[in-house]
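Me: I should be grateful for a close look at one part of this structure, namely the surroundings of the ligand. Please explain them in connected prose suitable for a first-year student.

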Amino acid sequence: MRYSGIRVIKEALSGHKGWGPLWRDPEPKPHYDFVIIGGGGHGLATAYYLAREFGESRIAVLERGWIGGGNVGRNTTIIRSNYLLDGNEPFYEFSLKLWEGLEQDFNFNAMVSQRGILNLVHTDAQRDAARRRGNAMILNGSDAELLDTEGVRKLYPFLNFDNARFPIKGGLLHRRGGTVRHDAVAWGYARGADQRGVDIIQNCEATGFKIEDGKCLGVETTRGFIGAGQVGVSVAGSSSRVMALAGMRLPMESHVLQAFVSEGLKPVLPGVITYGAGHFYCSQSDKGGLVFGGDIDGYNSYAQRGNLPVIEDVAEGGISLIPALGRVRLLRAWGGIMDMSMDGSPIIDNTHIEGLSFNGGWCYGGFKATPAAGWCFAHLLKTGQPHETATAYRFDRFRRGYMIDEKGQGAQPNLH
Amino acid sequence: MIINHPLLGPRDAQEFTYLGDASLIHRPDWQGEDASGQFHDYLYLRDNPAGQHRELWFHEVGDRSWLVVTRNTLTHEISNVELARDVARREGRGK
Ligand SMILES: Cc1cc2nc3c(=O)[nH]c(=O)nc-3n(C[C@H](O)[C@H](O)[C@H](O)COP(=O)(O)OP(=O)(O)OC[C@H]3O[C@@H](n4cnc5c(N)ncnc54)[C@H](O)[C@@H]3O)c2cc1C
């Protein structure tokens, strides 16, 4: 069924009885050409592009729980193309361009909203760094504008401009950045993939790989063995656990990141803002809640919940930037498990095992990457070669000394 | 989280900074064969288990000692805390 305005009117007049489920609930088949482990945004997008771009149809996505229950349904929904380094920025710009056409492409309302992202600066050094980053963005086809204090004041008059320690000196504005309804991204890709024949198999956990003579022949699951021509692993925070089943140790630690939403307010925050002097970033959802977050908790975790010190730290950052927040009540807090890589950048690569490829290490920034990660992973699975925007995302970059370290922190995942 | 410091008693985890897997105590021999391969594994690869994890915490705003904390990464429950110095000696590092 195609969604359209006429369809909505028709359904309204007939009691909304014609809407069916968005995707089937098939039994797993004994063999597929492509098996994707992990039904998050990335796994679903990979299956979608394998079918739509690369003409494949015998594809399954295996999801341990339900579609949208992982990080794709837990993130703070920000999309942007404002990276600095060469290995990264062309990829994220490719992703943002895909976001710009996504809803028409998969015929689903994902509420892509390019409301702009403003990274605030509070010192001269930060302003210089913002200028440099802005230039790198523009060189890669993205957009960037450096605002002075007055420019920021026009957009966000209620910020704490005269904070004695951290005065707002300006900001780097990325107008094409914004937010997307995260659940709808999972659902839209799932529906689009299903319509092209992909089997989305929920409640199906991968528990092992069948590897013979260095070749991966399929996946052991809680619903039996599923044979595969190519296996793609895309399980975000569970990356180390799943790849350990194939005997691999990854350059990764799993950490918990928390996020928060306030009670619903009238429209107050038109875009996304990030504080340059504390761990706090914020946007307002269309329902009115302020959606905000900060830094990871900083220790290995698979618990999907964090601790109070970070909540306090984020609240302090928020109130020091927007004093008016002091009266806002917090509605919910939650956590997700991040696949924090050793340089803060991802991996989309083949492994030493034939027929087994990997996509992960997205840290806290993989939502914005969803369309391009899906596209590039599909490209790798189909052709065996990296997509032109993802050539730097290799396993061996650590051995070769080609880290993509945006923050310059070194091999310390909790600092990225 | 509360870390039960062997010398100072229960302390808030906020007083500590976190380094990572306690296997970092075992720095490879820089003159050994395949030192560069070993340093690659030491520096970049991690077991990253879901469950019991032995890890290094530094009491930064306290007595500045290094601790080896055994903690369950699924529940955050801490079951054992030792001075890293004792662990390192027991495992044959240092004098
Ligand atoms: C609080 C928070 C805020 C964030 N904010 C942003 C943001 O603003 N912008 C941004 O770009 N990114 C953000 N991120 C990061 C982003 O959400 C992730 O990087 C991205 O969603 C990861 O890809 P995914 O959607 O495929 O992951 P997931 O949705 O986690 O998908 C992985 C799936 O694999 C499944 N799985 C695991 N093990 C197995 C197995 N053995 N067998 C079968 N299935 C398995 C899991 O159940 C899960 O559904 C945030 C993350 C969090 C937690």
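Reply: The following account describes the ligand's surroundings first and then the sheet of chain A that contributes to them. The model is a predicted one.

The shell around the ligand consists of 36 residues. The closest of these are A:E63, A:N71, A:T76, A:Y364 and A:K368. Sorted by class, the shell contains 16 nonpolar residues, 15 polar residues and five charged residues.

Three contacts with the protein backbone may be examined individually. In one, an oxygen atom of the ligand lies 2.7 Å from a polar backbone atom of A:N71. In another, a ligand oxygen lies 2.7 Å from a polar backbone atom of A:K368. A:G365 likewise has a polar backbone atom at 3.2 Å from an oxygen atom of the ligand. How much of the ligand does the protein bury? The ligand taken alone exposes 1000 Å², and the protein buries 96% of that area.

The shell can also be described by the elements and domains that supply it. At least two residues each come from α2 (41–52), β12 (252–264) and β16 (330–341) of chain A. Of the contributing elements, β12(A) gives the most, with three residues. On the level of domains, chain A has domain 1 (25–78 + 182–251 + 343–415) and domain 2 (112–179 + 253–340), and both give residues to the shell, so the ligand lies between them.

The strands β12 and β16 of chain A lead to the sheet. In chain A, eight strands form an open sheet in the order β5-β6-β4-β13-β14-β15-β12-β16, and their pairing is mixed. The edges are occupied by β5 (145–148) and β16 of chain A; each has a single partner strand, so one side of each is left without a neighbour in the sheet. On average, neighbouring strands in this sheet are turned by 25° against each other, with direction ignored. Thus β16(A), which supplies at least two residues to the ligand's shell, is also an edge strand of this sheet.

At the other edge, β5(A) pairs with strand β6 of chain A, residues 170–174, in the antiparallel sense. Four bridges join these two strands. Within this pairing, A:L147 is positioned opposite A:G171 of β6(A).

In summary, the ligand lies between two domains of chain A because both give residues to its shell, and the protein buries 96% of the area that the ligand exposes when taken alone.

Definitions and conventions. Residues are numbered from 1 along each chain as its sequence is written. Chains are lettered from A and ligands numbered from 1 in the order in which they are written. This is a predicted model: local features need pLDDT of at least 70, side-chain atom pairs count only at pLDDT 80 or more; totals for chains, interfaces and linings use all residues. Side-chain values use heavy atoms; hydrogens and water are left out. A residue is near a molecule or strand if one of its heavy atoms lies within 4 Å of it. A polar contact is a pair of N or O atoms within 3.5 Å; within protein, one must be able to donate a hydrogen and the other to accept it, and residues adjacent in sequence count only if both atoms are side-chain atoms. Accessible areas come from the Shrake-Rupley method with a 1.4 Å probe; for residues, only the protein chains shown count as cover. Ala, Val, Leu, Ile, Met, Phe, Trp, Tyr, Cys and Pro count as nonpolar, Asp, Glu, Lys and Arg as charged, and the others, Gly among them, as polar. Domain bounds come from an automatic or database domain assignment. Two strands pair if DSSP finds at least two bridges between them. Axes are lines fitted to C-alpha atoms, for helices over the stretch in contact, and angles run from 0 to 180 degrees between N-to-C directions.
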